[in-house]
Amino acid sequence: MDPVSADHVTTLRRFNRYFTRRIGALDDHYLGQDRPLGEARLLFEIGDGASLRELRTRLGLDAGYLSRMAKALEAQGLVRLSAHPDDNRLRMVEPTPAGRVELKEQNRRANALASGLLEGLTADQRAELTGAMATAQRLLRLAAITVALVDGAAPDARACLDAYAADIDARFPEGFDKSDLVGPEEVSGAAGAFFVAYEKGRPVGCGALRRLEPGVGELRHVWVHQDARRLGLARRLLAALEAEATARGLTLLRLDTHATLTEAQAMYRACGYTEIPAYVDHVYADHWFEKRL
């Protein structure tokens, strides 16, 4: 990754300050209601009911802080806390009738605030703004995903490969035999490497590198979960694999791909891979690529 410039940091911080002030996030009576933004957001996320564990993961909050906010909403008569009927260790929170009325009013006010922010713009300017916000959300989400080198036998590695196999089995006309997956010994230690992408602690992508011969490596099973596609994560995984290959002294990377995986072919071409004649006889291969590092 390129180093982050001071100008980029300043611009992001300036936008954060402007936007939080513009939407009233600094007011302890958010949207004119009798609670700050944190409690209002928690009420929204609770919806029809959720566990505190789920809310903690979804919102990235400290357990103690979340518990205090939930108890504050309970004291206001807006939610009800209880044990899960099948697991006493799991605390559940659900809205009361008063909480549902309050949430409906909160949504009405939030919609009015958003409408007010947009009404001073033309239709083209609104489209430009909402498009820019969608791009910002995509890039911020991508930035929060971590890519880690793991052992090829690690549970997360094998879980990603199982998900990859199920995915392409549904896409390939001939199906897919899991025996074609790389073994842990092929992508661990001196033989190769395996990367897993994590979003909020959940594996959402993977990629494998194995050594074919001196100076030559092969990429296998570059995959992204359907929930994390169109973020740019596949390219992020590819960059991690290429950096690892370079660190291992490999100067040439090869890969093959199936005819149905047109998006993968487009990505490899865009990332500098050139189509070559077959370098291996592989039942699922229709296109072969290589890139000199």
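## Around Arg210

Leaving out residues up to four places away in sequence, Arg210 touches Val182, Glu186, Val187, Ala191, Gly192, Gly217, Glu218 and Arg220. This is a predicted model, so keep that in mind for everything that follows. Arg210 sits in strand E6, and at 19% relative accessibility it counts as buried, because the cut-off is under 20%.

One of those neighbours deserves a second look: the side chains of Arg210 and Glu186 are joined by a polar contact of 2.3 Å.

## The nonpolar cores

Which residues have the most contacts inside the largest nonpolar core? They are Phe176, Phe194, Leu219, Leu233, Tyr268 and Tyr273, in a core of 48 residues. Helices and strands both feed into this core: helices H7 (155-171), H8 (233-247) and H9 (262-270) each give two or more residues, and so do strands E5 (192-199), E6 (202-213), E7 (216-224) and E8 (252-257). Apart from this core lies another one, of 15 residues, with Leu42, Leu55, Leu66 and Leu81 among them.

Back in the 48-residue core, Tyr268 makes a handy probe of who meets whom. Once neighbours within four places in sequence are set aside, Tyr268 is in contact with Val222, Leu238, Leu255 and Tyr273.

## Salt bridges and the E7-H8 loop

How many salt bridges are there? The count comes to 21. One of them pairs the side chains of Asp167 and Arg229, with an N to O distance of 2.3 Å. Asp167 belongs to helix H7 and Arg229 to the loop between E7 and H8, so this pair ties together parts that are 62 residues apart in sequence. As for exposure, Arg229 counts as partly exposed, at 28% relative accessibility.

The loop between E7 and H8 also holds Asp227, whose salt bridge with Arg202 in strand E6 ties together parts that are 25 residues apart in sequence. For this pair the N to O distance is 4.0 Å. Both partners count as partly exposed: Arg202 has 34% relative accessibility, and Asp227 has 41%.

## A buried glutamate and a network

Arg248 forms a salt bridge with Glu244, and their closest N and O atoms are 2.8 Å apart. Is each partner buried or partly exposed? Arg248 counts as partly exposed, at 32% relative accessibility, while Glu244 counts as buried, at 17%.

Elsewhere in the chain, salt bridges also link up through shared partners. Arg41, Glu45, Glu54 and Arg58 are joined into one network that way.

## Two positive phi values

If you're scanning the backbone torsions, stop at His221 and Arg230. His221 isn't a glycine, yet its phi is positive, at about 55°. His221 lies in strand E7 and is buried, with a relative accessible area of 5%.

Arg230 isn't a glycine either, and has a positive phi of about 65°. Its setting is the loop between E7 and H8, where Arg229 also lies. Arg230 is exposed, with a relative accessible area of 71%, whereas Arg229 counts as partly exposed.

Notes: Residues numbered from 1 in each chain as written. Predicted model: local features only at pLDDT ≥ 70, side-chain atom pairs only at ≥ 80, totals over all residues. Heavy atoms only, no water. Core = buried A, V, L, I, M, F, W, Y, C linked by side-chain atoms within 4.5 Å. Buried < 20%, exposed > 50% of the residue type's maximum accessible area, 1.4 Å probe, protein only. Helix = DSSP H or I, 4+ residues; strand = E, 2+ residues; numbered from the N terminus. Contact = heavy atoms within 4.5 Å. Polar contact = N/O pair within 3.5 Å; in protein donor to acceptor, adjacent residues only side chain to side chain.
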